[in-house]
Amino acid sequence: MTDRHTFIERMGLTSESDGLSRIAGRLFGALLLADQPRSLDALAEQLDVSKASVSTEARRLVERGVAERIGKTGDRRDYYALTPDFFAQIVRFRLNRWSALHRLIRDMEADSGGEPRVVRERFAYIDDVHAFVLSRVEAALAEWSERARGAGGARDRTRGARSRGARKSGTSRGAARERLG
């Protein structure tokens with residue numbers, strides 16, 4: 001079983017492979033586990049890093065559409081939480097990175113008349129896979145957005161799916177906890 005601290009640390013390591021800093025990944029992990037918006041001070045203390053580092057990485061997550069900055073009436077501090085559609089935003093970001101790679105390949109392909117046949121075939125293969133996968137993922141994201149809008153938003157949709165799953169199994173987490181004591 002993974003504890004919260006280990007989970008957050010692993011999120012940091014995993015996020016590095018997606019081009020984020022380890023702190024940004026750890027911040028994402030902390031926000032994923034948070035049940036309410038968190039202040040920069042609280043996040044810096046939890047992650048044992050400077051407030052400036054958390055602020056910088058929080059802005060990066062906001063720019064990617066994964067997190068949002070929230071103000072509280074009467075409180076001058078900034079608070080952060082994941083956006084309702086954070087996971088779809090992560091997928092969209094990855095699609096943009098794949099498309100940038102594909103554009104680079106296409107540019108090289110346009111000038112590849114003198115390249116060996118095997119190289120031209122690789123470029124064609126990348127074109128085919130990119131078009132195939134991209135069209136399906138974009139369609140899936142569009143369908144997900146429609147479903148989420150129809151259910152009152154991504155958060156509501158996620159909660160609804162969980163509660164329906166619990167009803168199907170004839171139990172809920174709360175009932176299970178009550179039985180366990």
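Hi everyone, let me begin with one pair of residues: glutamate 9 and arginine 26 form a salt bridge, and their closest N and O atoms are 2.9 Å apart. This pair ties together distant parts of the chain, since glutamate 9 belongs to helix H1 (residues 4–16) while arginine 26 belongs to helix H2 (residues 22–33), 17 residues apart. Please keep in mind throughout that we are looking at a predicted model.

How exposed are the two partners? Glutamate 9 is partly exposed, with a relative accessible area of 24%. Arginine 26, on the other hand, has a relative accessible area of 11%, so this residue counts as buried, the cut-off for buried being under 20%.

Let me step back for a moment to the whole protein. You will find 8 helices and 3 strands in it. If you walk along from the N terminus, the order of the elements is α-α-β-α-α-β-β-α-α-α-α. The protein has 181 residues, and 29% of them count as buried. And if we take contacts between residues at least 6 apart in sequence, 49% of those join residues at least 24 apart.

Now, back to H1 and H2, where there is another residue to look at. Methionine 11 is in helix H1, and at 16% relative accessibility methionine 11 counts as buried. Which residues does methionine 11 touch, not counting those up to four places away in sequence? They are Gly25, Arg26, Phe28 and Gly29. You may recognise Arg26 in that list as the salt-bridge partner of glutamate 9. As for Gly29, methionine 11 and glycine 29 are 18 residues apart in sequence, yet their C-alpha atoms are 5.6 Å apart in space.

That brings us to the nonpolar core. The largest core has 20 residues, and those that touch the most other members are Leu27, Phe28, Leu31, Leu43, Val54 and Leu61. Which elements give two or more residues to this core? Those are H1, H2, H3, H4 and strand S3 (75–82). H2 provides the largest share, with 5 residues.

Let's zoom in on one of these core residues, leucine 61. Leaving out residues up to four places away in sequence, leucine 61 touches Leu20, Ala24, Leu27, Phe28, Leu31, Val66 and Ala67. Three names there, Leu27, Phe28 and Leu31, also appear among the core residues that touch the most other members.

Next stop, serine 39. This residue lies in strand S1, which covers residues 38–39. Is serine 39 buried or exposed? At 6% relative accessibility, serine 39 counts as buried. The side chain of serine 39 reaches the backbone nitrogen of alanine 42, at 3.0 Å. Beyond neighbours within four places in sequence, serine 39 is in contact with Arg77, Asp78 and Tyr79.

Tyrosine 79 has another partner worth showing you: lysine 72 lies over the face of its ring, 4.2 Å from the ring centre. There is a similar kind of arrangement elsewhere, with the charged end of arginine 64 sitting over the ring of phenylalanine 93, 3.7 Å from the centre of that ring. As for rings pairing with rings, a search of the whole structure finds 1 aromatic pair.

Let me finish with charges. Side chains of opposite charge can pair when their charged atoms come close. How many salt bridges are there? The count comes to 11. We began with one of them, and here are some others.

Aspartate 41 and lysine 51 meet through their side chains in a salt bridge, at 3.3 Å from N to O. This pair also links distant parts of the chain: aspartate 41 is in helix H3 (residues 40–47) and lysine 51 is in helix H4 (residues 51–63), 10 residues apart. Aspartate 41 is partly exposed, with a relative accessible area of 34%, and lysine 51 is partly exposed too, at 44% relative accessibility.

Further along, arginine 92 forms a salt bridge with aspartate 85, and the closest N and O atoms are 3.2 Å apart. Arginine 92 is partly exposed at a relative accessible area of 26%, and aspartate 85 is partly exposed at 23%. Beyond single pairs, Arg106, Glu109 and Asp127 are joined into one network by salt bridges that share partners.

That is the tour. Thanks for listening, everyone!

Terms used:
Residues are numbered from 1 along each chain as its sequence is written. This is a predicted model: local features need pLDDT of at least 70, side-chain atom pairs count only at pLDDT 80 or more; totals for chains, interfaces and linings use all residues. Side-chain values use heavy atoms; hydrogens and water are left out. A salt bridge is a side-chain nitrogen of Lys or Arg within 4 Å of a carboxyl oxygen of Asp or Glu. Helices (H or I, at least four residues) and strands (E, at least two) are DSSP runs, numbered from the N terminus. Buried means under 20% relative accessible area, exposed over 50%, partly exposed in between (1.4 Å probe, protein chains only). Rings of Phe, Tyr and Trp (its six-membered ring) pair if their centres lie within 6.5 Å; planes under 30 degrees apart count as stacked, over 60 as edge-to-face and the rest as tilted. A charge sits over a ring if NZ of Lys or CZ of Arg is within 6 Å of the ring centre and within 35 degrees of the ring normal. A polar contact is a pair of N or O atoms within 3.5 Å; within protein, one must be able to donate a hydrogen and the other to accept it, and residues adjacent in sequence count only if both atoms are side-chain atoms. Contact means heavy atoms within 4.5 Å. A nonpolar core is a set of buried Ala, Val, Leu, Ile, Met, Phe, Trp, Tyr and Cys residues joined through side-chain atoms within 4.5 Å.
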